[in-house]
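Trainee: I would like a close look at one part of this model, the cysteines and what lies around them. Please go on from there to the other side-chain pairs and contacts.

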Amino acid sequence: MGFIKEFKAFVMRGNVVDMAVGVIIGGAFTGIVNSLVNDVIMPVISLATGKIDFTNLFIALDGGSYPTLAAAQEAGASVFAYGSFIQAIISFLLIALVLFSVIKTMNKLSKPAAPAPVTTKICPFCKSEVNKEATKCAFCASELKD
C-alpha cells in the first residue's frame, strides 16, 4: 500500500499537474502557431520571394536532372536537399517570432496593478500603525519625525 500512496502523492503534486496541463495546452497551441506560419505568413513570404519553393531546391548527387525533389527521391537518387533545410530554418524563425510576439502581448496584458499608495507608517516607539501625515502617535503620544 505504501507504493500506491507514494505514487498518488507524486501524481497529485501541483507541479506535476501543472506540467501536464502545460503540455496539453502546448500541443493545442502548436497547431495554432503552425497554421499561422504555414497558412498566413509563408504565403506572404512566397509572394515576396517570387514564389520560390525552397523545398524543391536540391542537388542530385548521382548527377541526374530531376524536376522536383519528389521525382528525384522516387527515382531513388541520393539528394542533397538544402532547400528543405532552408525551409526548416525559416519555419523555426517564424515560429519563434510568433511565439515571442504572443508572449510579449500576453505579458503586456497581464501587468500587475500599481501598488496602492502608502497611507500609513509605523511608530518607531510602540510599533503601532499610524497615518503617514501624523506628527504624534495616537497610541503612545510620541512625537513622530517623518
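Mentor: What follows starts with the cysteines and then moves through the rest of the chain.

The model is predicted, and its disulfide count is 0. Take cysteine 123 to begin with. Its closest cysteine sulfur belongs to cysteine 140 and lies 3.8 Å away, which is too far for a bond, because a disulfide needs the two sulfur atoms within 2.5 Å. Cysteine 137 is likewise in no disulfide, and the cysteine sulfur nearest to its own, at 3.6 Å, is that of cysteine 126. Cysteine 123 is classed as buried because its relative accessibility is 0%. Cysteine 137, at 3%, is classed as buried as well.

Serine 128 leads on from cysteine 123, since Cys123 is one of the residues that serine 128 touches. Beyond the residues up to four places away in sequence, the other contacts of serine 128 are Lys121, Ile122 and Phe139. Serine 128 sits in the loop that joins strand 3 (120-122) to strand 4 (129-131). Despite the loop position, serine 128 is buried, with a relative accessible area of 18%; the limit for that class is under 20%.

The structure has 1 salt bridge. Its partners are lysine 136 and glutamate 143, whose side chains meet at 3.5 Å, N to O. That distance qualifies because the cut-off is 4 Å. Glutamate 143 has a relative accessible area of 52% and is therefore exposed, whereas lysine 136, at 46%, is partly exposed.

A search of the whole structure for aromatic pairs gives 1. The rings are those of phenylalanine 80 and tyrosine 82; their centres are 6.1 Å apart and their planes stand at 35°, so the pair is tilted. Phenylalanine 80 is partly exposed at 47% relative accessibility, and tyrosine 82 falls in the partly exposed class with 30%.

Helix 4 covers residues 82-109 and includes glutamine 87. Glutamine 87 counts as buried, its relative accessibility being 18%. Leaving out residues up to four places away in sequence, glutamine 87 touches Met42, Phe54 and Thr55.

Thr55 also appears among the contacts of leucine 69. Leucine 69 belongs to helix 3, residues 69-74, and is buried with a relative accessible area of 8%. Its further contacts, apart from neighbours within four places in sequence, are Asn56, Phe58, Val79, Ala81 and Ser84. For asparagine 56 there is also a backbone distance: its C-alpha atom is 5.3 Å from that of leucine 69, with the two positions 13 residues apart along the chain.

The N-terminal part offers a contrast to these buried positions. Isoleucine 4 lies in helix 1, residues 2-12, and counts as exposed because its relative accessibility is 54%. On the surface, Ile4 joins Phe3, Phe7, Phe10, Val11 and Met12 in a nonpolar patch. Together these residues have about 670 Å² of accessible area.

Technical notes: Residues numbered from 1 in each chain as written. Predicted model: local features only at pLDDT ≥ 70, side-chain atom pairs only at ≥ 80, totals over all residues. Heavy atoms only, no water. Patch = residues over 30% accessible without salt bridge, like charges linked within 9 Å, V, L, I, M, F, W, Y side chains within 5 Å. Areas by Shrake-Rupley, 256 points an atom, 1.4 Å probe, with all protein chains shown as cover. Helix = DSSP H or I, 4+ residues; strand = E, 2+ residues; numbered from the N terminus. Buried < 20%, exposed > 50% of the residue type's maximum accessible area, 1.4 Å probe, protein only. Phe/Tyr/Trp six-rings, centres within 6.5 Å; stacked < 30°, edge-to-face > 60°. Contact = heavy atoms within 4.5 Å.
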